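Trainee: I have a structure to go through. Can we take it question by question?
Mentor: Yes. Ask away, and keep it brisk.

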Amino acid sequence: MTAVVSFARVRAVKTGRAQPIATVRHVHLSPRPLVLVPLALAGEANAPLAAMVGTHPDDDRLLVVPQPRNRDLRFTFVADLADAVLPYVHSYCYDIEHVRGRDRFTGAPQVLVPNAAGVRFLALLGRSTRFRRTDGDYPVAPNVPLLGRWLTFLAERAETPGSAALLALTDALALHWASGQSPVEDQNLAAVLGWIDPPEGLSGADAARAAEDPSVWPPAGPTTDPGFDADVLVPAIRAYDRAVETAGPVAQRRARTAIEEVLRGQLEPTWRLMWRGLDLLRALPPGASVADRWAADRAAFTGFREHVVGGGPPQGRRDGAVASARRLNRLERQLDEYEAARAFDDPLVLAAHRVTGAAFAGTVVTVDRDRRVENANGTPVNRPLVTVATADPVHLGPGTEVVAVSRRNQTGTVQCVGSIVDKTHVTLELRGGMGRARVPPPGTVPDVGERLCYTSVLAGNVPAPPLPDTERTPWTHGGPPVPYEPPTEDGT
Amino acid sequence: MDARLARLRGPVAPKRHNARTIAALTGNPGCARRAVLDAAGVDKEALARGVGFPARFGQSPFAIARGNAFEAMVKADGCAELLRLLRGVLGDDLTAARYTDLDPADGAEDPDLRHAESRTALTAAGAEAALYDHPLLRLRLAGRDVYLEPDLVALRHHGRYHVVEVKSFPVIDGRADPAKVAAAAIQAAVYVLALRDLLGRPEAVSHEIVLVCPENFSNRPVAVTVDVRRQLTVLAHQIGRLVRVESILADLPDGLSLDLRADATGTPTRPAAELAAALAAIGARYTPGCLSACELGFFCRSESGSSTAALGVSVREDLGGVETVDEALALAEATCTAGADRAEVADLLRTVARVYAEATAEAAGTAEATAEAAGTAEATAEAVGTAEATGTA
């Protein structure tokens, strides 16, 4: 957390309402997202129990596993889930745009889950289904491994900084509001929404406390409330087992409906919260770089779709040495770009850098517009000097490159930093954005009195180390990775 | 001191420590309240209910059933499956190892006696491979001996003991939930420490523990070794740092009691407010981590009010170590004067407050400007519309 976020949390405690820590929306929101609230059986590695899924608040679909220990029922559930998710994914595979010689879908699926644990659950569900065989001794429906591959794609995308393909709503909300509680407690969706948008007559703190009562607001999953498990779910599942053993189809259906009803009761409050949280986020104007990041999501979606259609294999169990290094490098670069873009989009994000001294806002006090120096080739070039007076603490050494938020095509190099009375004066040498004329055209160099905000948090060049081909992985890193052959008896 | 602790607890049987409570204690070693309550063997769960803030971390019956079934499977037939797994980890064939369960069936035996029995069994001569289940261990904690009811198997192999822990969280593709592995490792480290204490020779217990978990999505067990040297160092350090219970007790009012005054049916009759007041006499150090580690977490949170540490581990650090919300805001708004030692912190907070206000105002300004621009555009559109309408007319 940054000092600004911490300060906002303190203010939230004092005011009893969550405080904004963003002035624009930093995530893309699809006009038709797929909201998915999963529930899992406690204690098992990845046994789905129920899910509520849909693209509209009034059009929810409830899927349940009446006996989560039964493998066939589990895979029936996964196949049903695939029936809900795959048509949604495929609905974005029609409109194509051409960008720099490549095709890209104009839309992409966006899946929203309540919290980070929901993302992990989907990742595991993807892992447990994408290697399943549709033939042999334990066949599954053909859409099961396909769903597994798409869930894995989404879960991997979710690790990419700034991606909006699979979002945990609590994380998305925490990016825009600071509540008056700790990040641990912020994982509770009902509590976070209580802080941001408390009901009439209630403070955020009171609403959040009330939201912690599992009998009023069931946990947003995937784990269910242990009390609910003991008092409601255990008897309901036992009744279902008894009906399967001894009773006819009518009684079985009745037992199944009973389970569906209790699970609906656990899921519905969260379902409504999901759409409420979504509305709160939609009310914020999107940041300038959001569309670019969504374009990257769409490109990744297009690429993966081509991979699947082209008969590519499912994602491996884990990356090999070379693929890991490449992925890590890519993630570092994306994180850098994301951090820089967010600060440019949003003065409140930039505020955090101003506090640490990596950015500063101030007023231009002197300008040396006509300064020319010889470059390395001996050609004289325009290098105006401007001095900015700021009240912010500046921790930038000479030679640091900075860019002004309002003048993105011009780079300043810090010449010297000194303090005069209670202000800090930063002198910058400007480069770029002035055209080729002998004298910079009017408006291309800041004027005295202009208010500017310079930041040194820029999308730097994360160097890509030279890496061998995958099949030439050195023995020090385990040699070339061996493709994974799933055991045929897996899942018995 | 024992009498004092007994008075604090009231006329009920003390709760025994387990590795989980010790691991949690080291998670927040500065908490005097927890140290005293654990030393006195107070039933914290009942106490939390008594003060009106029941703990919310129960285990689901599904999780318990699954854990028990997995452990039973691993330990079935004299730990046949476990020995097969251990062979894979430790290399040698251990299938001939003898299995001894040190837990008497009634479970009511005197702990001193059971501890002595465990010591006799574990120190008995012999170097052949052997398994000992449920030994009763003892650890000196905050100046007091506590007994541990560990759920562990001690494996003797080449004259050295290995701690074997059976856990039911899955290892998927060689990876497990890091938080669960960390918790298991610190628990195992407690066992290693206590076992070393029991045997009197640190080298007799290996720092490599064996963790047995289900593999992937199946019930098949898999064994891995975990090096707990780091956890051992942390534990030894934290246990050494634990405030001695005597010194905490010395500062408490005489006659302080947390007795719930259960009636004949076991229903507590003591008013919550009175109990809370008694509890408040023992200082606590609440952090958000307590909510998932300590039964009294919710009570301490309600009590912590406007402490900055209650907002997250880093919030207090971010705000220069200021302890309360009010103080942080007062310094930020310069409504209180900061002493010389606080000048730097006050500076930081004022900068944060100013920058935050500027950024919010700037955004509001932009939004207004945009709204205005939109308004103008609308007006223009309307004007054009009117003109067109007139033209058509």
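Trainee: How far apart do the C-alpha centres of domain 1 of chain B and domain 2 of chain B lie?
Mentor: Note that this is a predicted model. The assignment puts 2-59 + 239-319 of chain B in domain 1 and 62-229 in domain 2. The C-alpha centres of these two domains of chain B are separated by 29 Å.

Trainee: Which three residues supply the most area that domain 1 of chain B buries against domain 2 of chain B?
Mentor: Start with the total. About 1,600 Å² is buried between domain 1 and domain 2 of chain B, and carbon and sulfur atoms give 67% of it. On the domain 1 side, 34% comes from three residues, more than from any other three: B:Arg16, B:Ala19 and B:Ile22.

Trainee: How many salt bridges are there between domain 1 of chain B and domain 2 of chain B?
Mentor: Look at who touches whom. In this pair, 18 residues of domain 1 of chain B contact 19 residues of domain 2 of chain B. Residue pairs in polar contact between the two domains of chain B, both at pLDDT 80 or more, number 0. The salt bridge count between domain 1 and domain 2 of chain B is 0.

Trainee: Which element gives the most to the side of domain 1 of chain B that touches domain 2 of chain B?
Mentor: The residues of that side of domain 1 of chain B split into 10 nonpolar, 3 polar and 5 charged. Three helices of chain B each supply at least two residues there: α1 (2-9), α2 (19-27) and α9 (245-250). The most, 5 residues, comes from α2(B).

Trainee: Now the chains. What area is buried between chain A and chain B?
Mentor: Contacts come first: 53 residues of chain A meet 47 residues of chain B. On the chain A side, A:Phe7, A:Val10 and A:Ala45 lose the most area, together 14% of what that side buries. Carbon and sulfur atoms give 66% of the area buried between chain A and chain B, which is about 4,200 Å².

Trainee: Which element gives the largest share of the side of chain A that touches chain B?
Mentor: That side of chain A divides into 26 nonpolar, 10 polar and 17 charged residues. Elements of chain A giving two or more residues include α1 (3-15), α3 (116-129) and α8 (226-246). The largest share, 10 residues, belongs to α1(A).

Trainee: How many salt bridges does the rule find across the interface of chain A and chain B?
Mentor: One salt bridge joins B:Arg66 to A:Glu44, with the closest N and O atoms 4.0 Å apart. The interface of chain A and chain B also has 13 residue pairs in polar contact, both at pLDDT 80 or more. The salt bridges across the interface number 9.

Trainee: How many residues apart in sequence are the parts that A:Arg69 and A:Glu44 tie together?
Mentor: The side chains of A:Arg69 and A:Glu44 form a salt bridge at 3.2 Å, N to O. A:Arg69 is partly exposed at 44%, and A:Glu44 is partly exposed at 22%. A:Arg69 sits in the loop between β4 and α2 of chain A and A:Glu44 in the loop between β2 and β3, so the pair ties together parts whose separation in sequence is 25 residues.

Trainee: Which helix holds both B:Arg84 and B:Glu81?
Mentor: Their side chains meet in a salt bridge of 2.6 Å, N to O, between B:Arg84 and B:Glu81. The two residues are 3 residues apart, about one helical turn, in helix α5 (residues 61-90) of chain B.

How values were computed. Residues numbered from 1 in each chain as written. Chains lettered and ligands numbered in written order. Predicted model: local features only at pLDDT ≥ 70, side-chain atom pairs only at ≥ 80, totals over all residues. Heavy atoms only, no water. Domains from an automatic or database assignment. Contact = heavy atoms within 4.5 Å. Buried area = accessible area lost by both parts, 1.4 Å probe. Polar contact = N/O pair within 3.5 Å; in protein donor to acceptor, adjacent residues only side chain to side chain. Helix = DSSP H or I, 4+ residues; strand = E, 2+ residues; numbered from the N terminus. Nonpolar A, V, L, I, M, F, W, Y, C, P; charged D, E, K, R; others polar. Buried < 20%, exposed > 50% of the residue type's maximum accessible area, 1.4 Å probe, protein only.
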